[in-house]
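Could you walk me through this structure, feature by feature? I would like to learn how each one is read.

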Amino acid sequence: MLTVVKISQGRGPFYKVEFSNGEKLRLSEDTVVRHRLLKGQELEEKTLNEIKQEGKEDLGFQMALNYLSYQLRTEKEIRTYLKDNEIESGDRHKIVARLKELNLVDDLVYSESYIRTQMRLGDKGPRILQQKLKQKGVKEPEIEQALYLYESNDQFQVALHTAQKALRKYHHSSQREVRQKIQQLLMTKGFNSDISKGVLAELDFSDIQEQETDALTMQGNKLWRKNQRFEPAKRRQKVKQSLYQKGFQLDQIDAFIQGKEDEHE
C-alpha cells in the first residue's frame with residue numbers, strides 16, 4: 001500500500017501530490033477530487049497507476065483549455081501545442097476528442113471567425129487567406145465553406161482600402177509606375193485580376209498626375225548625374241531608357257533631356 005504524504009497547491013488549477021514511494025505527480029483539481037486524494041490516504045499500486053494515467057490526460061486537457069482561453073485554435077494548433085508540452089500521442093487524441101465533443105475545437109467555426117476578422121481588420125484577399133488557413137491545418141472543405149463569407153463586394157472594399165493606403169505612400173513616381181506597383185501589391189495580397197482592375201479604375205490618381213513633372217525632374221536629374229561619365233549620345237540614351245521604364249511619357253522625357261542639353265551649351 002502507498003500513502004499520500006503531501007498535497008500542495010501548484011501553479012494554476014494544479015496540485016502537487018507526493019506519495020510515500022517518493023513519486024511526485026502534478027494533478028489537476030478534477031483528478032484530485034475524483035479520487036478524493038487527501039493527506040494520509042492509502043491506496044494500492046494499481047490505483048496509483050490509474051491516477052497517473054488519468055492525470056497525464058487531464059493535465060493535457062487543462063493545458064489545452066488554458067491555451068484556448070486566449071483565442072480560438074485549430075485542431076492542428078492544439079495537437080502541436082500538446083506535443084510541444086510532451087503530452088503523449090494517445091492522450092493527445094483523447095484530449096482533442098473531448099474538446100470537439102464540448103464544441104471547443106471546430107475548424108469550420110475557427111475559419112469563419114478568421115475570415116470575418118480579416119474582412120474587418122485585414123488587407124488580404126481570398127488566395128492568401130486560403131493559404132494561411134491551410135498552414136493552420138484546416139482542410140479544404142472547411143476553408144471553401146468559410147470563404148463563401150468573403151463575397152466579391154467585401155473583397156473589393158478591402159482591396160480598395162489597401163490600395164488607397166498604398167497610394168498615399170508613393171511620391172516622385174509616374175502614374176504608370178504607381179499603377180503597376182499597386183496592381184502588383186494587390187496580387188501579392190491575394191486579390192484576383194478582376195478585383196485589381198476594378199480598384200485601379202476607382203482610384204484617384206490626380207495628385208500623382210500633378211506631381212509627375214516634378215517627379216520626372218527629380219529622377220531625371222539623378223540619372224543625368226549618374227550617367228555623366230558617358231559621351232552625350234549614350235548618356236541621352238541611358239537616361240531616356242531609365243525614365244521610360246519608370247513610366248514617364250516619351251514627350252516629357254524628350255523635353256527634359258533637351259532642357260538638360262541646352263543648359264550645357
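What follows is a short dialogue between a learner and a teacher.

Q: Before we look at details, what kind of model is this?

A: This is a predicted model. Local features are described where pLDDT is at least 70, and side-chain atom pairs count only at pLDDT 80 or more.

Q: Let's start with the strands. How many bridges join strand 1 to strand 2, and in which sense do they run?

A: Here is a general idea to carry along: in a regular strand the side chains alternate between the two faces of the sheet. In this case, strand 1 and strand 2 (residues 14-19) run antiparallel and are joined by five bridges. For a concrete pair, take Val4, whose bridge partner in strand 2 is Phe19.

Q: Which other strand pairs with strand 1?

A: Strand 1 (residues 2-9) also pairs with strand 4 (residues 42-43), in the antiparallel sense, over two bridges. There, Leu2 has Leu43 of strand 4 as its bridge partner.

Q: And what do strand 2 and strand 3 form?

A: They form a hairpin, with four residues between the two strands. Strand 3 covers residues 24-28, and five bridges join it to strand 2 in an antiparallel arrangement. Across this pairing, Tyr15 stands opposite Leu27 in strand 3. If you check backbone torsions, look at Gly22 in the turn, which has a positive phi of about 95°.

Q: Now the annotations. Where does UniProt place the three-helical domains, and what do the coordinates show there?

A: These come from an unreviewed UniProt entry, so read them as annotations that may be inferred rather than shown by experiment. "RecX first three-helical" is listed at residues 62-99; over that stretch the chain is 74% helix and 0% strand, with its end C-alpha atoms 11 Å apart. "RecX second three-helical" covers residues 106-147, where the chain is 79% helix and 0% strand and the end C-alpha atoms are 16 Å apart. "RecX third three-helical" is placed by UniProt at residues 154-199 and 210-257. Over residues 154-199 the chain is 76% helix and 0% strand, and the end C-alpha atoms are 12 Å apart.

Q: Let's pick one helix. How far does helix 9 reach from its first C-alpha to its last?

A: Compare the span with what 1.5 Å a residue would give. Helix 9 (residues 175-188) has 14 residues and reaches 20 Å, close to the 20 Å expected. Just after helix 9 comes Gly190, with a positive phi of about 100°.

Q: Which residues of helix 9 are buried?

A: They are Gln175, Glu177, Val178, Ile182 and Leu186. These buried residues cover an arc of only 170° around the axis, which puts them on the same side of helix 9.

Q: Glu177 catches my eye. What is Glu177 in contact with?

A: Leaving aside neighbours within four places in sequence, Glu177 is in contact with Gln219, Lys246 and Gly247. Glu177 has 14% relative accessibility, so this residue counts as buried, the cut-off being under 20%.

Q: On to charges. How many salt bridges does a search of the whole structure find?

A: The idea is that side chains of opposite charge can pair when their charged atoms come close. The search finds twelve salt bridges. One of them joins Glu57 to Arg98, with the closest N and O atoms 3.5 Å apart. Glu57 lies in helix 2 (residues 45-68) and Arg98 in helix 4 (residues 89-101), so the pair ties together parts that are 41 residues apart in sequence. Glu57 is buried, at 16% relative accessible area, while Arg98 is partly exposed, at 28%.

Q: Where do Arg79 and Glu75 lie?

A: Both lie in helix 3 (residues 75-84), four residues apart, about one turn of the helix. They form a salt bridge whose closest N and O atoms are 3.1 Å apart. Arg79 counts as partly exposed at 25% relative accessibility, and Glu75 as buried at 16%.

Q: What does Asp123 form a salt bridge with?

A: The partner is Lys189, and the closest N and O atoms are 2.7 Å apart. Asp123 lies in the loop between helix 5 (107-121) and helix 6 (126-135), and Lys189 in the loop between helix 9 and helix 10 (193-202), so the pair ties together parts that are 66 residues apart in sequence. At 24% relative accessibility, Asp123 counts as partly exposed. Elsewhere, salt bridges that share partners join Glu57, Asp58 and Arg98 into one network.

Methods:
Residues are numbered from 1 along each chain as its sequence is written. Side-chain values use heavy atoms; hydrogens and water are left out. The expected span of a helix is 1.5 Å times one less than its number of residues. Buried means under 20% relative accessible area, exposed over 50%, partly exposed in between (1.4 Å probe, protein chains only). The arc is that of the directions from the helix axis to the C-beta atoms. Two strands pair if DSSP finds at least two bridges between them. A salt bridge is a side-chain nitrogen of Lys or Arg within 4 Å of a carboxyl oxygen of Asp or Glu. Contact means heavy atoms within 4.5 Å.
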